[in-house]
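Work through these exercises with the structure at hand. Try each task before reading its solution.

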Amino acid sequence: MSAPTSDEFPLSPKLGQLAALAQRYSRPSNSVTQGGHVRTIAAGHYTVTGLSRHVRLGEFVAHRSSTGVHLGEVVRVEPDVCYVCPIEPGEPIGIHDVVIRKGAFRIAPDDSWCGRTINALGDPIDNGPALSPGPERRPISTTAPPSMTRSRVETGFKTGVRAIDIFSPLCLGQRLGIFAGSGVGKSTLLSMLARADAFDKVVIALVGERGREVREFIEDTLGDNMAKSIAVVATSDESPMLRKMAPLTAITIAEHFRDKGQNVLFIVDSVTRFAHAIREVATAAGEPPIARGYPASVFTELPRLLERAGPGAEGAGTITAIISILVDGDNHNDPIADSTRGILDGHIVLDRALADEGRYPPINPLTSISRLARKAWTAEQEKLVSRLKALIHRFEETRDLRLIGGYRNGSDPDLDMAIKQVPVIYDILKQTPGEKPALDAYADLANALKAAAGGQGMRQRG
């Protein structure tokens, strides 16, 4: 005989609440029996009834259709419906299709993943064998380690790029942004930095990249370094959900290696396209824009991603993050650029005017800053760099005056020195991706200045 229902014997309000709680917690929260049905379908999202009591914002659901099971993320929850953004583009969705709760999306990184190229879902896309799961399944959306438990950033390292090693040196565990407009050379500089020898592992997130460039970056740029690298790829034609997930999957893999005591280089190209993907998802969920079309969730997700990089707890390794920021219209006060600059530990500015002159990488040494440079410089190096910046500033601010012939040699000793030495400094800062990384940038600079001084002395004696 079946038990009487609440419809047959109405319960008091308090007993009804207890009965509802008992029913809610009588089964595990991750039970696969918690399901609902598609109610409405719109461009970029669909709504589901029957799941609002069970799902949480950011959790995943599985949608069963005629072509199989497809994932989606809950982006909005209301009392009677929840909004879901499909993970895969072009997913066939029908009214009354079954939707089942899956919980937080997790991956299980493993050391055997090195040398592989995967998508944002953690599946291989390099025609290689299936990936072996690691011992621990990690959610891709999590929080950074508590600030007071993290170790301090103390140790500098050489990138092999002379303009950075001299003017904006980096430390293990630092977070650096590369700011530039389109076509100035961000990806090229990132490829040069990926060859640094200071890291045990390299994890790269290629977000919104052109599909043809993926193999070029992995096979030509990384080359032999791919053996210690993992690339997470979401190309520009993939759904905004996959482009949003790619950096989260990549940082989760980097955290796996950091927790094992290794020093990891984490590269994102670019965080601007990550922000664009968040904007698309938030707009589909009905979130209003607050700054030049960007909703508030963009400025919440950016620090949550970037703060996960950095040093781990005492005894753990580090994640050194190098993030590229696409500056729309070369406007460095763009909301994403401005917000990201305040989170990072330094910024490298690529100047289009320098690229037009043929100076690669087109790093502007006067506007590029590393907030941890003093931990990497010696006292003598700091004095030298300060003097070099003063000479470069003097050289640039008098460029127009010298071009019209308004300066006479000998009028200003500092400017005379700048005119002699700054072109030499500019020449030594030039590097192409095919060159070997510089082992000692200061020695290269000193040798170039000595050679230039010697040549000038010989010409004067002649």
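**Exercise 1. Find how helix α11 packs against helix α13 in this predicted model.**

Step 1. Locate the helices: α11 covers residues 379-397 and α13 covers residues 413-429. Helices (H or I, at least four residues) and strands (E, at least two) are DSSP runs, numbered from the N terminus.

Step 2. Take the geometry. The angle is about 100°, and the axes are 8 Å apart. Axes are lines fitted to C-alpha atoms, for helices over the stretch in contact, and angles run from 0 to 180 degrees between N-to-C directions.

Step 3. Classify the angle. α11 is therefore roughly perpendicular to α13 (under 35 degrees is roughly parallel, over 145 roughly antiparallel, 65 to 115 roughly perpendicular, the rest oblique).

Step 4. List the contacts (heavy atoms within 4.5 Å). From α11, the residues include R387, L391 and F395. From α13, they include D414, M417 and Y426.

Step 5. Sort the residues of this contact: 12 are nonpolar, 1 is polar and 4 are charged. Ala, Val, Leu, Ile, Met, Phe, Trp, Tyr, Cys and Pro count as nonpolar; Asp, Glu, Lys and Arg as charged; the others, Gly among them, as polar.

Residues are numbered from 1 along each chain as its sequence is written. Local features need pLDDT of at least 70, side-chain atom pairs count only at pLDDT 80 or more, totals for chains, interfaces and linings use all residues, and side-chain values use heavy atoms, leaving out hydrogens and water.

**Exercise 2. Decide whether E73 is buried or exposed, and list its contacts.**

Step 1. Place E73: strand β4, residues 68-77.

Step 2. Read its relative accessible area, 10%. E73 is buried because that value is under 20% (exposed is over 50%, partly exposed in between; 1.4 Å probe, protein chains only).

Step 3. Set aside neighbours within four places in sequence. Among the contacts of E73 are F60, Y83, M241 and K244.

**Exercise 3. Do the same for A313.**

Step 1. A313 sits in the loop between β18 (310-311) and β19 (318-326).

Step 2. Its relative accessibility is 34%, so A313 counts as partly exposed.

Step 3. Beyond residues up to four places away in sequence, A313 touches T149, R150 and S151.

Step 4. Check D259, 54 residues from A313 along the chain: their C-alpha atoms are separated by 8.3 Å.

**Exercise 4. Describe the protein chain as a whole.**

Step 1. Count the secondary structure: 14 helices and 21 strands.

Step 2. Give the extent of the C-alpha trace along its principal axes: about 115 × 45 × 45 Å.

Step 3. State the buried share: 50% of the 462 residues.
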